[in-house]
Amino acid sequence: MLVEEQIVEQLSQPVVRVEGLRKVYSLGDSEVIALAGIDLEIRAGEFIAVMGPSGSGKSTFMQITGLLDNPTDGHYYFEGTDVSRLDGDARADIRSRRLGFVFQAYNLLPRTSALENVELPMVYAGVPAAERARIAHEKMGIVGVAHLAQHHPNQMSGGQQQRVAIARSLVNNPGLILADEPTGALDTKTSEDVMRIFRELNEQQGITIMLVTHEPDIAAHAKRIVTFRDGHVVSDHDKTEVAA
Amino acid sequence: MSDFTGIFRLALQALIRNKVRSMLTMLGIVIGVAAVIVTVAIGSGARVSVQQSINSLGSNLIVVQPGSVTSTGARGGFGTASTLTPADGMAIAQLPGVSAVSPAVTIRTQIVAGDNNWQTTVTGVAPTYSFIRSWPMASGSFFTQNDVNDAAKVAVLGQTDVSELFPNGQNPVGQTILIKGVPFTVVGTLTALGQSSLGTDQDDTVLIPYTSAMQRITGQTTVSQLMVSATTGDEIAPVQTEVTTLLEQRHAIAAGRPDDFQVRNLQSIAAAASSTGAVMEFLLAGVAAVSLIVGGIGIMNIMMVSVTERTREIGLRMSVGARSATILRQFLTEATVLAACGGVIGVIAGFIGTFIVAALAKWPTQIPIAWVLFSIAFSALVGIFFGYYPAKKAAGLNPIEALRFE
């Protein structure tokens with residue numbers, strides 16, 4: 001294979017590719033099949049919403065995609081590498097370098113300034129202090145919370161806290177941002193603001209985003225909507241393809 | 001993350017976020033360490049003052065006396081045999097751990113100066129005697145080794161004899177006194193020591209070269225005692241053993257036969273001092289151990305609560321890339337920093353407490369720096385020991401469950 005072809009191959013690698021992905025939880029004697037063999041690809045620059053009722057397996061899918069857990073069976077290739085059987089430390093290292101998380105409950109450290117909260121992933125990644133502050137300020141500027149750098153979480157509104165959390169997910173220039181019900185704790189207007197930030201990040205910075213939600217209104221912000229039910233993908237709808 | 005200062009900062013931030021709780025958690029260690037410092041300060045102060053009073057009796061003194069003689073079945077007391085010679089003393093002086101040896105030839109006799117006379121104890125000694133007894137001169141000087149070699153007729157007077165023989169306040173130095181009719185020139189006087197612990201007047205004495213005493217007064221070749229000074233208090237016991245072995249060789253005493261001498265020291269006082277010290281140390285160890293363990297359990301308790309309370313935070317830290325070993329180190333560092341800070345504050349409190357005790361009770365105190373360092377180091381160790389289990393618990397959390405924790 002020619003070097004050029006290898007590069008082309010690399011560039012066309014999907015960020016996420018899962019094959020026959022299964023996750024089975026054992027609850028005492030019985031087994032619960034959370035994922036019953038999923039095949040899915042997420043390409044760089046996509047904005048995908050994963051929908052489905054509770055128990056559909058969408059949260060499990062996000063946990064495995066976010067390398068918080070390993071699948072029971074099947075393969076998961078993250079940026080071209082098989083990561084289905086990595087140990088906890090190896091998964092932590094990839095999370096540290098390549099993934100960003102946004103949670104429903106923001107999960108900011110209490111009694112800690114917004115700036116320090118945004119810096120946190122870089123502390124674990126070993127980024128020098130001066131560099132940390134510079135990057136944190138830059139990312140907070142992108143999501144419009146630079147003026148809140150010295151505020152503590154209890155001095156900020158829910159929307160502001162979630163923006164700080166989004167800034168935190170950006171500091172390692174992730175290959176994929178996983179947003180788990182990011183608007184679940186916000187009112188409609190603030191939810192729209194937060195979703196607009198995700199859209200801008202996707203459209204203007206080309207950041208790949210996977211959104212997990214059960215609200216169709218929120219999912220509608222994404223370019224592609226995948227619906228889960230009983231551990232299976234029941235629909236995969238790409239708006240851009242339809243438009244084209 | 002290999003960056004230790006980063007972890008240290010994280011731990012410090014977490015502690016500062018919970019100031020009141022951190023202070024309360026430290027309290028057990030603070031009180032424990034302060035108690036240790038105050039007790040050590042009082043204990044070692046007391047020991048130093050006991051040591052000083054022992055030293056005033058003659059530092060590290062060992063006395064060798066002749067044994068008893070048995071005539072027709074009746075055994076005389078110690079000192080009745082005539083077996084010790086100045087040569088024995090010189091041999092003892094060569095032993096390691098011995099700083100000085102002086103023979104002592106004791107004569108109870110009448111002394112005369114001009115119109116005055118006085119019954120006193122004349123002791124023939126070596127110039128090392130003033131060092132062995134830590135007995136400084138009041139005037140003139142002690143006689144020299146040359147005086148000993150020449151069996152010179154020179155004498156040093158104790159203050160009682162000065163006042164009895166020279167009641168009008170003349171300077172005794174240069175005057176002549178008669179000891180058993182032999183004229184001796186006074187070359188110096190000793191400072192007043194006062195009564196001994198046994199009630200005898202230590203100043204009621206005349207010191208002359210032991211050679212002069214033997215050749216000019218007793219006419220004997222043996223001495224009443226050998227006074228031996230060990231270099232340090234710790235050397236007393238080994239020196240006693242060595243002296244015994246040496247004299248058994250020199251006196252050709254077969255194994256199993258009774259010695260013709262006896263080696264003694266200020267055992268009773270030394271033993272009292274060391275048993276006081278031992279009791280004190282035992283007490284200290286108890287106080288230290290109990291309070292530091294209680295403090296450590298306090299830290300463990302709070303850390304457990306803290307880990308539970310911060311479950312979500314731990315989940316978040318893990319999801320943004322903290323390895324479990326990093327979480328372990330962070331919580332362990334928190335516990336250690338807490339305990340070590342407690343130790344430092346405890347030492348400060350201990351210093352203040354010691355100062356108050358010294359000021360109010362007029363008690364001699366002394367804070368050994370080794371104990372200060374030991375207390376802080378031990379506190380940190382307590383932190384590591386009692387912080388390990390909670391830290392392990394935090395590190396073992398599953399990030400998914402931790403993130404969901406309400």
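**A tour of the chain A–chain B interface and selected salt bridges**

Across the interface of chain A and chain B, two salt bridges are found. The model is a predicted one, and the tour begins at this interface.

Select A:Asp93 together with B:Arg323. These residues form a salt bridge, and their closest N and O atoms are 2.4 Å apart. Next, display helix 3 (88-98) and helix 4 (114-125) of chain A; each supplies at least two residues of the side of chain A that touches chain B. By residue class, that side of chain A divides into 11 nonpolar, five polar and seven charged residues.

Now extend the selection to the whole contact, which takes 23 residues from chain A and 25 residues from chain B. The two chains bury about 2,200 Å² between them, with 57% of it on carbon and sulfur atoms. Within chain A, highlight A:Leu68, A:Arg111 and A:Tyr124: these lose the most area to chain B, together 28% of what that side buries. The interface also holds 10 residue pairs in polar contact, both residues being at pLDDT 80 or more.

Turn next to salt bridges within the chains; the structure holds 21 salt bridges over all chains. In chain A, select A:Glu79 and A:Arg98, whose closest N and O atoms are 2.7 Å apart in a salt bridge. A:Glu79 lies in the loop between strand 4 (73-78) and strand 5 (81-82) and A:Arg98 in helix 3, so the pair ties together parts of chain A that are 19 residues apart in sequence. A:Glu79 is partly exposed, at a relative accessible area of 30%, and A:Arg98 is partly exposed as well, at 26%.

Move to chain B, which is divided into domain 1 (4-53 + 272-404) and domain 2 (61-265). The C-alpha centres of the two domains lie 57 Å apart.

Select B:Arg21 and B:Glu309, a salt bridge with its closest N and O atoms 3.1 Å apart. Because B:Arg21 lies in helix 2 (residues 19-56) and B:Glu309 in helix 9 (residues 267-309), this pair ties together parts of chain B that are 288 residues apart in sequence. B:Arg21 is partly exposed at 23% relative accessibility, and B:Glu309 is partly exposed at 49%.

For the last stop, select B:Glu334 and B:Arg310, which form a salt bridge with the closest N and O atoms 2.9 Å apart. B:Glu334 belongs to helix 11 (residues 324-361) and B:Arg310 to the loop between helix 9 and helix 10 (311-319), so parts of chain B that are 24 residues apart in sequence are tied together. B:Glu334 is buried, with a relative accessible area of 1%, and B:Arg310 counts as buried at 6%. Finally, add B:Arg17, B:Glu313 and B:Arg317 to the selection: salt bridges that share partners join these residues with B:Arg310 and B:Glu334 into one network.

How values were computed:
Residues are numbered from 1 along each chain as its sequence is written. Chains are lettered from A and ligands numbered from 1 in the order in which they are written. This is a predicted model: local features need pLDDT of at least 70, side-chain atom pairs count only at pLDDT 80 or more; totals for chains, interfaces and linings use all residues. Side-chain values use heavy atoms; hydrogens and water are left out. Contact means heavy atoms within 4.5 Å. Buried area is the accessible area (1.4 Å probe) that two parts lose on being put together, summed over both. A salt bridge is a side-chain nitrogen of Lys or Arg within 4 Å of a carboxyl oxygen of Asp or Glu. A polar contact is a pair of N or O atoms within 3.5 Å; within protein, one must be able to donate a hydrogen and the other to accept it, and residues adjacent in sequence count only if both atoms are side-chain atoms. Helices (H or I, at least four residues) and strands (E, at least two) are DSSP runs, numbered from the N terminus. Ala, Val, Leu, Ile, Met, Phe, Trp, Tyr, Cys and Pro count as nonpolar, Asp, Glu, Lys and Arg as charged, and the others, Gly among them, as polar. Domain bounds come from an automatic or database domain assignment. Buried means under 20% relative accessible area, exposed over 50%, partly exposed in between (1.4 Å probe, protein chains only).
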